[in-house]
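Biologist: I'd like to learn how to read helix packing from a model. Can we walk through an example together?

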Amino acid sequence: MRRFLAAYGGGMEFCQLQLNYLDWTFQDARGKVELLAEYGIPVWVMEPLGGGRLADLPEESAARLQSLRPDEGIPAWAFRFLQTLPEVVVTLSGMSSPAQLEENIRTFSRERPLDGEEKKALLKVADGLLERRVLPCTACHYCISHCPRGLDIPSLLALYNEHSFSEGGFLAPMALSALPADKQPGACIGCRSCEAVCPQQIKISEAMADFAQKVQS
Ligand code: SF4
Ligand code: SF4
């Protein structure tokens, strides 16, 4: 994205990003928004509810938010998070019923950005959602020099996490298609020498095999 903006940023009127409070750290949406701000490029948001997952939170997460604001709908939390970002000028939200349309109109009829306490609570909810669903790779890079196939393991695991969490979105297959075959998850030979040095004890070989199978099917 940095290279693209250096080449073409001067001609861009806006940039459409996958942006929501979960992807704020998970997909480094924050870094992307900050980079666009350097170029003065406004943001159009897609997937504000993470494909609908942020409209229907697990009971415990929803209860945490409702204890702060009992009258607030769960989707409104995600939209109000976006209202805290001055770079966002358009939010594209898929709606499948008149009730959802009415709820969204209610939410956007006035600006109500999250306050500090609300934002903290929401990002904590995001951490909880991710802990349950993704591999805890910290991108420390210890494993890379141990891979006989020269795989960029942390980047592949980041894509794997995205693919698992989004239950098969298009981003990971698109990113993998830009890699040569010998750098894809299917190139892993299962030697597990990466696992011997991973401080997070991630079963990397299993993740690579699962990822290869998922993107093929
Ligand atoms: S198990 Fe796969 S990813 Fe890990 S070192 Fe061996 S080839 Fe590389
Ligand atoms: S060693 Fe483990 S935590 Fe570190 S980058 Fe590799 S997989 Fe991720």
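Biologist: How close do the axes of α5 and α7 come, and at what angle do they cross?

Modeller: First, the ground rules: this is a predicted model, where local features need pLDDT of at least 70, side-chain atom pairs count only at pLDDT 80 or more, and totals for chains, interfaces and linings use all residues. Residues are numbered from 1 along each chain as its sequence is written, and side-chain values use heavy atoms, with hydrogens and water left out. In general, two packed helices are described by the angle between their axes and the distance between the axes. Here the axes of α5 and α7 come within 11 Å and cross at roughly 120°. Axes are lines fitted to C-alpha atoms, for helices over the stretch in contact, and angles run from 0 to 180 degrees between N-to-C directions. Helices are DSSP runs (H or I, at least four residues), strands too (E, at least two), numbered from the N terminus.

Biologist: Which residues of α5 and α7 make the contact?

Modeller: On α5 they are W77, R80 and F81; on α7, E118, K119, L122 and L123. Contact means heavy atoms within 4.5 Å.

Biologist: Is α5 mostly covered or mostly uncovered?

Modeller: Mostly covered: α5 spans residues 74-83, and 10 of its 10 residues are buried. Buried means under 20% relative accessible area, exposed over 50%, partly exposed in between (1.4 Å probe, protein chains only).

Biologist: What do those buried residues pack against?

Modeller: Besides α7 (116-133), the partners are α2 (23-26), α4 (59-68), α6 (98-108) and the strands β2 (43-46) and β3 (88-91).

Key
Chains are lettered from A and ligands numbered from 1 in the order in which they are written.
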